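Visitor: I have a chain on my screen and a few things to ask about it. Could you walk me through how it is put together?

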Amino acid sequence: MSQSLIRIGVTGSGFMGRTHVEAARRAPGAEIVAVAGGRRAPGLADDYGIDCVETVEELIRRDDVDAIISSTPHHCHCLLYTSDAADDTPCVDLGGRRII
């Protein structure tokens, strides 16, 4: 049975962003393609050979991103849920919250 490749984008570039990138990189069938957010994003992108984009909206709109891991501080998560770009993104709706 062939496994599909899931292409992942990551928001946040601090400790948890790096942790999620490393974990996903080791997961069979997953490929990290881009990171957005934080002053450390360019360095994280360079370390893993992935793209660095300036905004979460740009990450959401990429054609090569199938899933997004939110690694931003908790108080920043609501920005993802209310992003204009998220309106056209497949997500899970939990009682009015859009989980990307």
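Visitor: How many bridges join strand β1 to β2?

Guide: Strands here are DSSP runs of E with at least two residues, helices are runs of H or I with at least four, and both are numbered from the N terminus. Two strands pair if DSSP finds at least two bridges between them. β1 (residues 6-11) and β2 run parallel, and R7 has E31 in β2 as its bridge partner. The number of bridges joining β1 to β2 is six.

Visitor: Before we go on, what sort of model is this?

Guide: It's a predicted one: local features need pLDDT of at least 70, side-chain atom pairs count only at pLDDT 80 or more, and totals for chains, interfaces and linings use all residues. Residues are numbered from 1 along each chain as its sequence is written, and side-chain values use heavy atoms, with hydrogens and water left out. So, for the kind of model, the word is predicted.

Visitor: Back to the strands, then. Which residue in β3 is the bridge partner of A36?

Guide: β2 also pairs with β3 (residues 51-53), and those two run parallel, with three bridges between them. In β3, the partner of A36 is V53.

Visitor: Which hand does the crossover from β2 through helix α2 to β3 have?

Guide: A crossover is called right-handed if, with the strands pointing away from you, the path from the first strand over the helix to the second runs clockwise. Here the chain leaves β2, passes through α2 (residues 41-48) and arrives at β3 as a β-α-β unit. The hand of that crossover is right-handed.

Visitor: How many residues of β2 are buried?

Guide: Buried means under 20% relative accessible area, exposed means over 50%, and partly exposed is in between (1.4 Å probe, protein chains only). β2 covers residues 30-36 and is mostly covered. Of its seven residues, the buried ones number six.

Visitor: What pattern does the chain follow along the sequence?

Guide: There are four helices and six strands to place. Read along the sequence, they give β-α-β-α-β-α-β-α-β-β.

Visitor: Now for charges. Which residue forms a salt bridge with D66?

Guide: Side chains of opposite charge can pair when their charged atoms come close. The rule used is a side-chain nitrogen of Lys or Arg within 4 Å of a carboxyl oxygen of Asp or Glu. For D66, the closest N and O atoms of the pair are 2.9 Å apart, and the partner is R7.

Visitor: How many residues apart are D66 and R7?

Guide: D66 sits in the loop between α3 (56-61) and β4 (67-70), while R7 is in β1, so the pair links distant parts of the chain. D66 is partly exposed at 44% relative accessible area, and R7 is partly exposed at 27%. Along the sequence, their separation is 59 residues.

Visitor: Which residues are joined with E22 into one salt-bridge network?

Guide: R26 and E22 are four residues apart in helix α1, which means about one helical turn between them, and their closest N and O atoms are 2.6 Å apart. R25 also bridges to E22, at 2.9 Å. E22 counts as buried at 16% relative accessibility, whereas R26 is exposed at 64%. Through shared partners, the residues joined with E22 are R25 and R26.

Visitor: And how many salt bridges are there by this rule?

Guide: The pairs above are among them, including R7 with D66. By this rule, the count is six.
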